[in-house]
Structure formats: C-alpha cells, structure tokens
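Subject: Handover of a structure and a summary of findings

Dear colleague,

Please find below the structure that I am passing on to you. I would be grateful if you would keep it open while reading the notes that come after it.

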Amino acid sequence: MDRTDERLSGGLTGDRPAPGTGSGPPEGGLRAAIAAGAFEAHLRRCDFPPAGTAVACGVSGGPDSLALLVLATAAGLDVTAVHVDHGLRPGSGEDAAVVAAAAAAAGAGFVGETVRVDPGPNLEARARAARYGALPAGALLGHTADDRAETVLLNLLRGAGLRGTAAMPPERRRPLLGLRRSDTLEVCRLAGLSPVADESNLDRAFRRNRVRLDVLPLLDEVFERDVVPLLCRHAALAREAVQALDEAADGLDPTDAAALAAAPRALARWALHRWITEGRAGDERHPPDSAAVDRALAVARGEARGADVGCGWSVRRRAGRLRLEPPAASPAGLPD
C-alpha cells in the first residue's frame, strides 16, 4: 500500500470541522459526547475489539486517525495514541501536540515517536516503513473505504493480481474500513477536533494523490456514480477467491521446485505469489506483480537459476529447493 500516513497520502487535505469548533473540545466535552452516544451511528460500521481491550492507535493528527482515536475510545477500549513524526515538513513536530491534546480530551494515553526519513527516491515507501517500524505491533490504523478503493486501483495497475486487488482485508487492525473519509471528518466535527492540515496531500508527485485527486473523480464522472463502493465490493469478492485459492495451495510446498513444476500452472503461480508476499518483512507487504511470479516459476522449472522478484528480493534454486533472499543477498545465481 502506498500510504505514508493519513495526512501525507490518505486524509482530507485542508478539510476541518465547521468554524467555531476550535482545536479541541471544551473540558469534558468529548467525554460527554462519548457518554451521550454521539458516535453510535459510526461505531455500528466499525469493527473494534471487545470493550476493555488495550490497543495502540497510530494517530498522525489527520481526520482519519483522529476519528480512529475518538471511535476507539467510544468503543470502550483502553487506548494509547501513538504519534510518529517523520520530520518531512517544517512544523511537523507541532502535530504531536495536537494529537496529545486530543488524546487527553478523549481520556486516552499518548506516546510520541520521532523517526528520520531522508529525502530521495521512494519517499512514501521509506516513510511508511519507518512509521510502521515505530508503531507497536498490532497498532490500529485509520484506513477507510476510500483508502481501500485507492489501493485496489493502485495494485490492479501494478499488475499485482487477485491478491493485490483484495486490498486491505477487513480486520480489527483496520476497524474503519466501513467508513468514508467524509465520515471521519464528521466524527472530528462532533468531537470538536480540528484535524491537522498537510499541504502535501495535494502534491501530485505522489501516485496515491493522483489516484485520489484525479483518477477516482474521473471514474465517478464517467460511470455517473460513486465508484468507491464498487471497488470495495470487488476487493471483498477477490478476498473470498483468495481464501479459496489459499486453501487449495496449502498442500503445495512453494520451495519444492519439482512439485511446483508438476502442479497446474495457476496453482503453482498462486503458491509462489503467496510465499513471496508473506516472505517479505514488514507490516505493509507489497505483493509481487505477475511478471515477478512468472520469473520465480521459471526458476522452479529449471529455466533460470535465479530471478529478481521485486523490491530487491530474489528467488534462487539450490538442490531442488527455492529460497527467497532479501535485498542484501548477492545477485549471483546459484547452480542447481
């Protein structure tokens, strides 16, 4: 997923609650709103763990993540808001104060982390990796249905196949997938919170921004409807197919070159796709594209001794077994 955080590539840039709401609720205001059930309609479309569960929430200060903080608290969870400052723009350190104030208003804990991300190529991916590395394992994330739809398109056009277009499976780590960005802004308004505005959300140098700002509105116009629900429906159907294929591939060892070569091509490719995806480290694993899987299958069939499978990773064969090797590995192929 090409998402650095809610503000950098997935929030509602510059959108704030209605004038007069201020930067935070009055003393006791947010807790009173929670107690009064102000967020019940939104909670019915979320998937949070049971009340009383201790959770960390990644909170950038954008509308999606602030809504996550509010709704997790309203769901009765024991919440700690974790803010990660990437230091990518002037004044980014001030965002932590916004998040800390929101956490205090909601009765949640707060932890601030700072990471260094140097300018250069693949900024989104490197910033995302740094952020997820700083968050506690299993931290909740503020992704919405809009993020899921964007990821479907991005993965489709990357050639990531069925698993890629089953983007962001519903899971309790992403409890807001039943909400839209307009919903998260409404939650912030009801909570009396003003999300952080980040001008980089309008920067079309980031591909996800282009999809959000240009591609999806054009698709809405062409099909004369909101296409986000359609894309999310595709993701749900793709997820069902993924589960069925995973079950079929469970009996096939993706490291056994002979077994892969003898298996039906579609099943062999599926087993390799899953193996490569799961073998990559990190919370946000980009699935390999179809060409990378084909190259890995060629290694299994003895047509090549090694192959690049994307993101610096390689697949090699030795003594009839396949190995997935990280970017630091030597590029030289190994004999069979």
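The notes below go from the whole chain to its helices, its salt bridges, a sheet and a surface patch.

Overall picture

Please bear in mind that this is a predicted model. The protein chain holds 14 helices and six strands. Of its 336 residues, 50% are buried. The accessible surface of the chain amounts to about 14,800 Å², and carbon and sulfur atoms account for 54% of that area. Taking the contacts between residues at least 6 apart in sequence, 69% join residues at least 24 apart.

Helix 9 and its surroundings

Helix 9 covers residues 181-191. Its buried residues are R181, D183, T184, L185, V187, C188 and A191. T184, which belongs to this helix, has a relative accessibility of 0% and therefore counts as buried, the limit being under 20%. Which residues does T184 contact, once its neighbours within four places in sequence are set aside? They are P63, D64, A67 and T144. In addition, the C-alpha atoms of T184 and G142 are 9.2 Å apart in space, although 42 residues separate the two in sequence.

Helix 9 also contains a salt bridge between E186 and R189, with the closest N and O atoms 2.7 Å apart. These two residues are three places apart in the helix, about one turn. Both are partly exposed: E186 has a relative accessibility of 28%, and R189 has 34%. After the helix comes G192, with a positive phi near 75°.

Salt bridges

The whole structure contains 20 salt bridges. One of them joins D226 to R180, whose closest N and O atoms are 2.7 Å apart. This pair links distant parts of the chain, 46 residues apart: D226 sits in the loop between helix 10 and helix 11, while R180 sits in the loop between helix 8 and helix 9. D226 is partly exposed at 32% relative accessible area, and R180 is likewise partly exposed at 23%.

A further salt bridge is formed by D246 and R274, with 3.4 Å between the closest N and O atoms. D246 lies in helix 11 and R274 in helix 13, so this bridge ties together parts of the chain that are 28 residues apart in sequence. Are the two partners buried or exposed? D246 is buried, with a relative accessibility of 16%, and R274 is buried with a relative accessible area of 16%. Both values fall under the 20% limit, which is why these residues count as buried.

There is also a network of salt bridges, which links D64, D147, E150, R181, R208 and R212. Two of its members have appeared above: D64 is among the contacts of T184, and R181 is one of the buried residues of helix 9.

The sheet of strands 4, 5 and 6

Three strands form an open sheet in the order 4-5-6, with antiparallel pairing. Strand 4 (306-308) and strand 6 (321-325) are the edge strands, each of them pairing on one side only. From one strand to the next, the twist averages 20°. Strand 4 and strand 5 (residues 314-318) run antiparallel and are joined by three bridges. Within this pairing, G306 has R316 of strand 5 as its bridge partner. Helix 13 packs on the sheet, where it touches strand 5 and strand 6, and its direction makes about 35° with that of strand 6. Helix 13 is also the helix that carries R274, the partner of D246 described above.

A nonpolar surface patch

Finally, L218, V222 and F223 make a nonpolar surface patch of about 320 Å². L218 is located in helix 10, which spans residues 207-223. With a relative accessible area of 49%, L218 is partly exposed, because values from 20% to 50% fall in that class.

I hope that these notes will serve as a useful starting point for your own reading of the structure.

With kind regards

Terms used
Residues are numbered from 1 along each chain as its sequence is written. This is a predicted model: local features need pLDDT of at least 70, side-chain atom pairs count only at pLDDT 80 or more; totals for chains, interfaces and linings use all residues. Side-chain values use heavy atoms; hydrogens and water are left out. Patches are made of residues with over 30% relative accessible area and no salt bridge: like charges are joined within 9 Å, nonpolar side chains (Val, Leu, Ile, Met, Phe, Trp, Tyr) within 5 Å. Accessible areas come from the Shrake-Rupley method with a 1.4 Å probe; for residues, only the protein chains shown count as cover. A salt bridge is a side-chain nitrogen of Lys or Arg within 4 Å of a carboxyl oxygen of Asp or Glu. Helices (H or I, at least four residues) and strands (E, at least two) are DSSP runs, numbered from the N terminus. Buried means under 20% relative accessible area, exposed over 50%, partly exposed in between (1.4 Å probe, protein chains only). Contact means heavy atoms within 4.5 Å. Two strands pair if DSSP finds at least two bridges between them. Axes are lines fitted to C-alpha atoms, for helices over the stretch in contact, and angles run from 0 to 180 degrees between N-to-C directions.
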